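Here are some quick comments on the model you sent round. I've kept them as numbered points so they're easy to go through with the structure open.

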Amino acid sequence: MEPEKVVPEPKSPCKRVCRLDEDGMCVGCFRNLDEIANWSILTKEEKLEVLRKAHLRMQLRDIKF
């Protein structure tokens, strides 16, 4: 039986830019204000979800529909 893999606690994606765009997203880390404010109380799974969403926002930042 293989040992369970331990996923480390996700680190904050903060880039120390801390400026919100017109849509309320930080231009440095691509999180919204609620995600930034609640980071310290989120579970590991919730943090991973925030990181996933922020990564998608970063990829989509230049695409305008």
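**Notes on the model**

1. Let me begin with L51, which is partly exposed at a relative accessible area of 26%. L51 belongs to helix α2. If you skip the neighbours within four places in sequence, its contacts are P10, K11, P13 and W39. V27 is not on that list: it sits 24 residues from L51 along the chain, and the two C-alpha atoms are separated by 14 Å. Do keep in mind throughout that this is a predicted model.

2. Now the overall fold. What does the secondary structure consist of? The protein has two helices and zero strands. Helix α1 covers residues 33-38, and α2 covers 44-60.

3. On dimensions, the radius of gyration is 14 Å, whereas a compact globule of 65 residues would come out near 11 Å. Measuring along the principal axes is the other way to see the outline: the C-alpha atoms fill a box of roughly 50 × 25 × 15 Å. I'd look at those two values side by side when you describe the shape.

4. How much of the chain is buried? The figure is 22% of the 65 residues. The protein exposes about 5,600 Å², and 57% of that area is supplied by carbon and sulfur atoms. As for long-range packing, take the contacts with a separation of 6 or more: 40% of them are between residues 24 or more positions apart.

5. Charges next. I see 13 positive and 12 negative side chains in the protein. The centres of the two sets lie 6 Å apart.

6. E35 deserves a look. Is this glutamate buried or exposed? E35 counts as buried because its relative accessible area is 9%, under the 20% cut-off. Its place is in helix α1. Beyond the neighbours within four places in sequence, E35 is in contact with F30, V50, K53 and R57.

7. F30, one of those contacts of E35, is worth a second check for its backbone. Phi of F30 is near 65°, which is positive in a residue other than glycine. Most residues other than glycine have a negative phi. F30 is found in the segment before α1 and counts as buried, at 13% relative accessibility.

8. R16 also has a phi near 65°, again a positive value in a non-glycine residue. R16 lies in the segment before α1. Where F30 is buried, R16 is exposed, with 71% relative accessibility.

9. Cysteines: how many disulfides are there? The count comes to zero. A disulfide would be a covalent bond between the sulfur atoms of two cysteines. For C14, the closest cysteine sulfur is that of C18, at 4.2 Å, so the pair is too far apart for a bond. C26 is in no disulfide either, and its nearest cysteine sulfur, in C29, is 3.8 Å away. The cut-off for a disulfide is 2.5 Å, so neither C14 with C18 nor C26 with C29 qualifies.

10. The surroundings of these two cysteines can be read from their accessibility. C14 is partly exposed, at 25% relative accessibility. C26 is buried, with a relative accessible area of 4%.

11. Last, S40. Which part of the chain holds S40? The answer is the loop between α1 and α2. S40 is exposed, with a relative accessible area of 64%. S12 is 28 residues from S40 in sequence, yet their C-alpha atoms are 8.9 Å apart in space.

Key. Residues numbered from 1 in each chain as written. Predicted model: local features only at pLDDT ≥ 70, side-chain atom pairs only at ≥ 80, totals over all residues. Heavy atoms only, no water. Helix = DSSP H or I, 4+ residues; strand = E, 2+ residues; numbered from the N terminus. Rg over C-alpha atoms; globule rule 2.2 N^0.38 Å. Buried < 20%, exposed > 50% of the residue type's maximum accessible area, 1.4 Å probe, protein only. Contact = heavy atoms within 4.5 Å. Areas by Shrake-Rupley, 256 points an atom, 1.4 Å probe, with all protein chains shown as cover. Lys, Arg positive; Asp, Glu negative; His and termini not counted. Charge placed at Lys NZ, Arg CZ, Asp CG, Glu CD.
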